[in-house]
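This report describes how a protein and DNA meet in the model shown below. The contacts with each strand come first, and the packing of helices follows.

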Protein chains: 2
Amino acid sequence: MPTSAAPTTRSLDDDGLLRVLAEPLRERIVDLLADEELCVCHLTEELGVTQTLVSHHLRVLRDAGVVDTERHRYWTYYRLRPEALRPLAEHLTALARRRPARRRRPCG
Amino acid sequence: MPTSAAPTTRSLDDDGLLRVLAEPLRERIVDLLADEELCVCHLTEELGVTQTLVSHHLRVLRDAGVVDTERHRYWTYYRLRPEALRPLAEHLTALARRRPARRRRPCG
DNA sequence: AATGCATATGAATCTAGATTGATAAAGATC
DNA sequence: GATCTTTATCAATCTAGATTCATATGCATT
């Protein structure tokens with residue numbers, strides 16, 4: 001049994017959330033949704049890429065639970081789900097707070 | 001000018017740190033280095049992959065400043081640099097703490 | 001119900017980056 | 001200095017996933 005006190009999550013990225021966020025357009029989408037809901041047309045314009053591409057990335061984000069949608073008249077609005085980021089944020093914070101390990105596992 | 005108060009870092013991943021961490025083997029390496037220094041041979045054994053592959057990933061982590069090395073006799077020990085994770089951890093935490101945005105940018 | 005608009009989906013291609021294999025480099029030991 | 005051990009590097013291949021293009025879908029509006 002390892003001696004470390006278990007952080008909030010067992011592994012740095014149990015559910016692949018890191019991989020979902022680690023894509024330039026998706027990063028930007030998440031940042032854009034940080035303080036307001038936006039529809040696909042807004043995102044398409046802000047990002048300067050095709051609507052199809054935006055929709056594809058939104059699909060990935062939605063499947064990961066990072067964003068949520070709600071339809072209003074013609075438009076589909078996307079909203080950030082901050083809760084979805086919490087476990088990863090906590091785990092990363094736990095790692096960031098460690099003091100540099102001095103212990104060294106012996107070799108050979 | 002956007003109305004949001006700027007979080008700790010301007011963008012979620014200014015320096016590509018997310019992309020560096022978003023790789024299964026590198027995630028595991030980071031977790032393994034969380035509480036002790038390990039040399040390449042340890043990592044190779046723990047991960048069950050070839051030494052070459054481990055070295056490649058360690059190179060990526062080192063270039064990103066996530067780990068540090070120190071040579072001792074035959075072996076090269078790797079150490080986590082928690083400071084390197086701090087900006088990302090803080091930005092992610094800031095996002096995770098937001099209350100779901102109710103504001104909606106008007107369309108058309 | 002017919003038409004129009006915004007968005008979603010599916011298949012095809014393209015690409016960055018992961019993996020592999022062979023070998024070089026750097027320092028330790030004798 | 002010769003050899004041994006560990007780790008790094010380089011080029012080649014492979015692969016997951018990003019991008020594109022064509023088209024379908026869902027709901028609004030008339």
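A polar contact is a pair of N or O atoms within 3.5 Å; within protein, one atom must be able to donate a hydrogen and the other to accept it, and residues adjacent in sequence count only if both atoms are side-chain atoms. By that criterion, a polar side-chain atom of B:Tyr78 contacts a phosphate oxygen of DNA strand D at 2.6 Å.

The model is predicted: local features need pLDDT of at least 70 and side-chain atom pairs count only at pLDDT 80 or more, whereas totals for chains, interfaces and linings use all residues. Residues are numbered from 1 along each chain as its sequence is written, chains are lettered from A and ligands numbered from 1 in the order in which they are written, and side-chain values use heavy atoms, with hydrogens and water left out.

**DNA strand C**

A residue is near a strand if one of its heavy atoms lies within 4 Å of it. DNA strand C has 22 residues around it, of which A:Gln51, A:Arg59, A:Tyr78, B:Thr52 and B:His57 come nearest. Of the atoms of DNA strand C that come within 4 Å of the protein, 64% belong to sugar and phosphate.

Polar contacts to both strands are set out in the table.

| Side chain | Partner atom | Distance |
|---|---|---|
| A:Gln51 | base nitrogen, DNA strand C | 2.8 Å |
| A:His56 | base oxygen, DNA strand C | 3.0 Å |
| A:Arg59 | phosphate oxygen, DNA strand C | 2.9 Å |
| A:Arg26 | phosphate oxygen, DNA strand D | 3.0 Å |
| A:His56 | base oxygen, DNA strand D | 3.3 Å |
| B:Tyr78 | phosphate oxygen, DNA strand D | 2.6 Å |

Helices (H or I, at least four residues) and strands (E, at least two) are DSSP runs, numbered from the N terminus. Helix 4 of chain A gives the largest share of the surface near DNA strand C, with five residues. By class, this surface near DNA strand C holds nine nonpolar, eight polar and five charged residues. Here Ala, Val, Leu, Ile, Met, Phe, Trp, Tyr, Cys and Pro count as nonpolar, Asp, Glu, Lys and Arg as charged, and the others, Gly among them, as polar.

**DNA strand D**

DNA strand D is surrounded by 22 residues, and the closest are A:Thr52, A:His57, B:Gln51, B:His56 and B:Tyr78. Sugar or phosphate accounts for 68% of the atoms of DNA strand D within 4 Å of the protein, and bases for the rest. At least two residues of the surface near DNA strand D come from each of helix 2 (24–32) and helix 4 of chain A, and helix 3 (40–47), helix 4 and strand 3 (75–80) of chain B. The largest share, five residues, is supplied by helix 4 of chain B. The surface near DNA strand D comprises nine nonpolar, eight polar and five charged residues.

**Helix packing**

Axes are lines fitted to C-alpha atoms, for helices over the stretch in contact, and angles run from 0 to 180 degrees between N-to-C directions. Angles under 35 degrees count as roughly parallel, over 145 as roughly antiparallel, 65 to 115 as roughly perpendicular and the rest as oblique. Contact means heavy atoms within 4.5 Å.

In chain B, helix 2 and helix 4 pack at an angle of about 75°, with axes 10 Å apart. Helix 2 of chain B is therefore roughly perpendicular to helix 4 of chain B. B:Leu25, B:Arg26, B:Ile29 and B:Val30 of helix 2 meet B:Leu53, B:His57, B:Leu58, B:Val60 and B:Leu61 of helix 4. This contact has seven nonpolar, one polar and one charged residues.

In chain A, the axes of helix 3 and helix 4 come within 9 Å and cross at roughly 115°, so these two helices are roughly perpendicular to each other. A:Val40, A:Leu43, A:Thr44 and A:Leu47 of helix 3 make the contact with A:Gln51, A:Val54, A:Ser55 and A:Leu58 of helix 4. The residues of this contact divide into five nonpolar, three polar and no charged.

The axes of helix 2 and helix 3 of chain A come within 11 Å and cross at roughly 120°, and the two helices are therefore oblique to each other. A:Leu25, A:Arg28, A:Ile29 and A:Leu32 of helix 2 meet A:Leu43, A:Glu46 and A:Leu47 of helix 3. Five nonpolar, no polar and two charged residues form this contact.
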